[in-house]
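Let's take a walk through a protein model, from its overall build down to a few odd spots in the backbone. Keep the structure open beside you as you read.

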Amino acid sequence: MEKENNGLKYRIEAVRDKKHIVITGMTGNVECLLIPDFINVDGDDIPVRIIGKKAFMSCKIREVRLGKNIAVVEDWAFAYCESLAVVSCEQKDLCVTLGRGVFDGCKRLNRLSIGAYEEPLPHLMAMTVRLLKTDEFIKTDTENIGLWYERLDRKITEIINAPDDEGYYNNMLGGEEDISKTREGYAVEQVLFKLELAMERLIFDESLAASIRQGYVDYICLHMKDCPACLTWRLIKENYADSLRHFRLLTDIGAIKAQNIDALLDDLGEGHGEIKAYLIKYKQENGLNLMKLTELYKLC
């Protein structure tokens with residue numbers, strides 16, 4: 001029998017006469033979802049151990065905080081929660097079994113920490129869900145973290161080195177893409193996807209081997225030549241035009257230089273004052289040829 005407590009729907013199950021609670025959904029809408037450690041039922045504190053199948057699918061939640069007793073999150077529990085940005089449980093040595101597609105379609109997920117992890121691991125785990133669209137890199141134990149980073153970099157390198165049109169026909173035949181999309185258009189989207197992976201890994205570069213790092217840098221610079229039409233710049237302008245950390249990355253790796261900085265500043269258009277100020281200062285400190293600064297400031 002399904003019950004309700006503080007907006008959470010649940011049922012009670014028992015294994016070997018030990019009761020536990022399965023969360024099955026919620027009533028109403030909340031931005032921050034708190035899964036408690038226990039729910040008091042008729043005077044007994046019963047541990048909350050399971051989040052049930054599709055329990056919060058498509059809910060408009062922005063943050064989830066898991067209780068310390070959670071042991072299982074079943075299939076598609078948070079799938080297609082498009083506003084979900086943060087999932088956390090700070091309990092040390094917490095090990096959670098995840099079902100299929102738990103975070104499928106969570107396009108804004110940027111921090112995923114099931115266990116007592118420090119950055120950048122929670123960000124990178126969220127990145128694998130958001131960009132790689134897989135749960136295989138969600139880590140819920142504290143062992144072999146070094147091997148986790150190695151496995152992630154093998155995966156990213158494999159993706160970058162694959163032909164840009166790989167998978168085009170399979171996607172078309174499987175109905176996963178717009179049937180009107182050309183092979184060339186598909187390849188461009190794949191390059192943008194690869195560039196985003198490389199940038200995110202360089203920004204959060206914990207345990208990143210020097211040789212692999214150079215491969216990511218070379219790939220970004222390959223697609224960032226001397227004009228605003230280049231794909232690295234397209235990605236930045238469309239997705240990260242106000243992200244200072246992305247612009248710092250581009251200057252640090254030499255992708256923004258004397259040959260393209262003026263054109264990029266012009267192409268930013270109106271607004272983006274903080275970014276323009278950063279780029280102008282970068283030009284001054286590095287002795288690059290300066291444009292008329294007054295004209296740039298008029299666009300801010």
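Helices and strands here are DSSP runs, numbered from the N terminus, with at least four residues for a helix and at least two for a strand. With that naming, Ser58 sits in the loop between β6 (44-51) and β7. Keep in mind that this is a predicted model. The protein chain has 10 helices and 11 strands.

**The big picture**

- The C-alpha trace of the protein chain spans about 75 × 45 × 40 Å along its principal axes.
- Of the 300 residues in the protein chain, 46% are buried.
- The chain has an accessible surface of about 15700 Å², and carbon and sulfur atoms own 46% of that surface.
- Looking at contacts in the protein chain with a separation of 6 or more, 54% are between residues 24 or more positions apart.
- There are 40 positive and 49 negative charges in the protein chain, and the mean positions of the two sets are 1 Å apart.

**Inside the core**

- The largest nonpolar core has 87 residues, and the members that touch the most others are Phe56, Phe78 and Phe103.
- Helix α4 (residues 183-203) supplies the largest share of this core, with eight residues.
- So who does Phe78 touch, leaving aside its neighbours within four places in sequence? Its contacts include the other two phenylalanines just named, Phe56 and Phe103, along with Leu33, Ile51, Ile61 and Val64. Val73, Leu84, Val102 and Cys106 are also in contact with Phe78.

**Strand β9 and its partners**

- Strand β9 (residues 86-89) is covered on both faces. Val86 and Ser88 are buried on one side, while Val87 and Cys89 are buried on the other.
- Strand β7 (residues 63-65) runs parallel to β9, and three bridges join the two. In this pairing, Glu63 stands opposite Val86.
- Strand β11 (residues 111-114) also pairs with β9 in the parallel sense, this time over four bridges. Here Ser88 of β9 faces Ser113 of β11.

**Helix α6 and its cover**

- Which residues of helix α6 (residues 231-239) are buried? They are Leu231, Thr232, Trp233, Leu235 and Ile236.
- Among the elements that cover these buried residues are α4, α5 (210-222), α7 (244-252) and α8 (261-268). You've already met α4 as the helix giving eight residues to the largest nonpolar core.

**Backbone oddities**

- Arg16 isn't a glycine, yet it has a positive phi of about 50°. You'll find Arg16 in the loop between β2 (8-15) and β3 (18-26).
- Is Arg16 buried or exposed? Arg16 counts as exposed because its relative accessibility is 80%, and the cut-off for exposed is over 50%.
- Ser58 isn't a glycine either, and its phi is positive too, at about 70°. With a relative accessible area of 49%, Ser58 is partly exposed.
- Where the backbone goes from Glu119 to Pro120, the peptide bond is cis, with omega near 15°. Pro120 belongs to the loop between β11 and α1 (121-130). That β11 is the strand that pairs with β9.

Terms used:
Residues numbered from 1 in each chain as written. Predicted model: local features only at pLDDT ≥ 70, side-chain atom pairs only at ≥ 80, totals over all residues. Heavy atoms only, no water. Buried < 20%, exposed > 50% of the residue type's maximum accessible area, 1.4 Å probe, protein only. Contact = heavy atoms within 4.5 Å. Areas by Shrake-Rupley, 256 points an atom, 1.4 Å probe, with all protein chains shown as cover. Lys, Arg positive; Asp, Glu negative; His and termini not counted. Charge placed at Lys NZ, Arg CZ, Asp CG, Glu CD. Core = buried A, V, L, I, M, F, W, Y, C linked by side-chain atoms within 4.5 Å. Pairing = 2+ DSSP bridges.
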